[in-house]
Amino acid sequence: MAIHRVKGTYDVLPTESAKWQALEEKVRALFRQYHIREMRTPIMEYSGVFHRQNDRSDMVTKETYDFKDRSHRDLTLRPEGTAGIIRSYVEHKLYASQELEKVYYIGPNFRYERPQKGRYRQFYQFGVEAIGATDPALDAEMIMLAYDLFSSLGLKGVKIRINSLGNDASRATYQNALIKHLLPHRDTLCDDCKERLDKNPLRILDCKIDQAHPGILSAPTPVDYLDEPSMTYFNAVQSYLDDADIDYELAPRLVRGLDYYSHTVFEIEADIKGFGAQNVLGGGGRYQSLVKELDGPDISGIGFACGMERILDALALEGISLDDNDKLDAYIIAFGNNTKKVASTLLHNLRKAGLSADMNYTNKSFKAQLKQALRDHASYLVILGENEIKQGVAGIKHTMTQQQETVDLSEVVNYLQKRSK
Ligand code: HAM
């Protein structure tokens, strides 16, 4: 069998990694501003962390990578970040020292989905969880954070859609009403929706196949069934957002794909010409029972996660480039006999001085090395030919202005350090 990458996965090649790093740095900087600290949990967990009794979502029932390790333990590669974070939060009793814990995470997740553009079997998410408080101001803060994130990336074609599923009681009443409404339409629903009617009826609302089905179009929506406290809560979330001038849309049919949500749910959607069908850049919401289900206290949390591949696609389509950290301060071009030794020491000294620098090891011609230096976006060329070595100097050329100077070898580091600040 030919050796190649696993279906639904991709490689980040050296020419592409700078944009990933730049996105990560932007995200980390914003989380710092929001006083949210990073948390890192394993990519595998005991299967029970994800396969919880009450979770009948597609992601949990059909899409997880489950396996047994060599000691026959049931393990699962994480399909999302939230459950592992909560497992760790409970295991380390973080609730005992901090009433409200806010954390973020960045890393790969695994779902056995049908691969297509924007949908992979291994994909990267960054996400955030605020655990320990039920307060509409906190729901609003999470939505503001999502808004700030996409604004700070410079993305314009982005919509934030919000909805409320209400508290557990409202959600249960709504679910019954929805089933009652849809049962007479059962035979004409798509196969997936027939199954969802028994297992996960809320998901029928945002079925892509049955979008125009009259039974679904006439179905009640969750807000129709919010009890008074749930309605007050949702109104409060909106008023915080309005006061902060956050652009959002009410999306009465938004229910989200995972089962643990109640109260506020939201999604960030790309509205960009040419973007594929997988246009949801991120999503999240409040979860009332997840902490308890994972053996923790009866407290709720709220969070969201974003798909990094999709954000990078959106940035590319809007012509936004974040990766200006892919430059070199200096590139040494050493050619002719006996130049490499001096070049090698100089290169090390430049790096020790904090500069980014490189040289060519292939003994190619001056012209070929110059080409490489320009491809690597070097700001300065350090030219070391036999003559320069004899005289104890280097030619230093600024690639932008084309100005060239001759500098004593012992002064090269100093010279470049001063100019590369
Ligand atoms: P999710 O909606 O399943 O939510 O995933 C969040 C985002 O991850 C999606 O909007 C999408 O951008 C990206 N994503 C999901 N699956 C794939 C895939 N197969 N390929 C590429 N990108 C994908 C969650 O995961 C929740 N844990 C979010 C959350 C945090 N809720 C509360 N806290």
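Strand 1 and strand 5, residues 101–110, pair in the parallel sense, over 2 bridges. One contact to look at here: Arg 37, whose bridge partner in strand 5 is Val 103. A reminder before I go on: this is a predicted model.

Now the sheet around that pair. It is an open sheet of 8 strands with mixed pairing. The order reads 1-5-6-11-10-9-7-8. Which strands are at the edges? Strand 1, at 37–38, and strand 8, at 249–250. Each of these pairs on one side only.

Helix 5, residues 136–152, packs on this sheet. Its contacts include strand 5, strand 6 at 122–131 and strand 7 at 158–164. Strand 9, strand 10 and strand 11 are touched by helix 5 as well. Against strand 11, residues 301–307, the helix direction makes about 15 degrees.

Next, helix 3, residues 82–91. Buried or exposed? Of its 10 residues, 9 are buried, so the helix is largely enclosed by the rest of the structure. Among the buried ones are Thr 82, Arg 87, Ser 88 and Tyr 89. Gly 84, Ile 85 and Ile 86 are buried too. What covers them? The cover includes strand 2 at 44–46, helix 4 at 94–97 and helix 10 at 290–293. It also includes strand 5, strand 6 and strand 10. After helix 3 comes Lys 93, with a positive phi near 45 degrees.

Over to the surface. Ile 43, Met 44 and Phe 67 make a nonpolar patch of about 250 Å². Phe 67 sits in strand 3, residues 65–68. Its relative accessible area is 32%, so Phe 67 counts as partly exposed.

Now the other open sheet I want to show. This one has 5 strands, in the order 13-12-14-15-16, again with mixed pairing. Strand 13, at 357–359, and strand 16, at 404–408, stand at the edges. Each has a single partner strand, so one side of each is left without a neighbour in the sheet. On average, neighbouring strands here are turned by 25 degrees against each other, direction ignored.

Take strand 16 and its pairing with strand 15, residues 393–398. The sense is antiparallel, over 5 bridges. Ile 396 stands opposite Glu 405 of strand 16.

Two helices to finish. Helix 12, residues 340–352, lies across strand 12, strand 13 and strand 14. To strand 13 it runs at about 165 degrees. Helix 13, residues 366–375, packs on the sheet and touches strand 12 and strand 14. With strand 12, the direction of helix 13 makes about 170 degrees.

Key:
Residues are numbered from 1 along each chain as its sequence is written. This is a predicted model: local features need pLDDT of at least 70, side-chain atom pairs count only at pLDDT 80 or more; totals for chains, interfaces and linings use all residues. Side-chain values use heavy atoms; hydrogens and water are left out. Two strands pair if DSSP finds at least two bridges between them. Helices (H or I, at least four residues) and strands (E, at least two) are DSSP runs, numbered from the N terminus. Contact means heavy atoms within 4.5 Å. Axes are lines fitted to C-alpha atoms, for helices over the stretch in contact, and angles run from 0 to 180 degrees between N-to-C directions. Patches are made of residues with over 30% relative accessible area and no salt bridge: like charges are joined within 9 Å, nonpolar side chains (Val, Leu, Ile, Met, Phe, Trp, Tyr) within 5 Å. Accessible areas come from the Shrake-Rupley method with a 1.4 Å probe; for residues, only the protein chains shown count as cover. A salt bridge is a side-chain nitrogen of Lys or Arg within 4 Å of a carboxyl oxygen of Asp or Glu. Buried means under 20% relative accessible area, exposed over 50%, partly exposed in between (1.4 Å probe, protein chains only).
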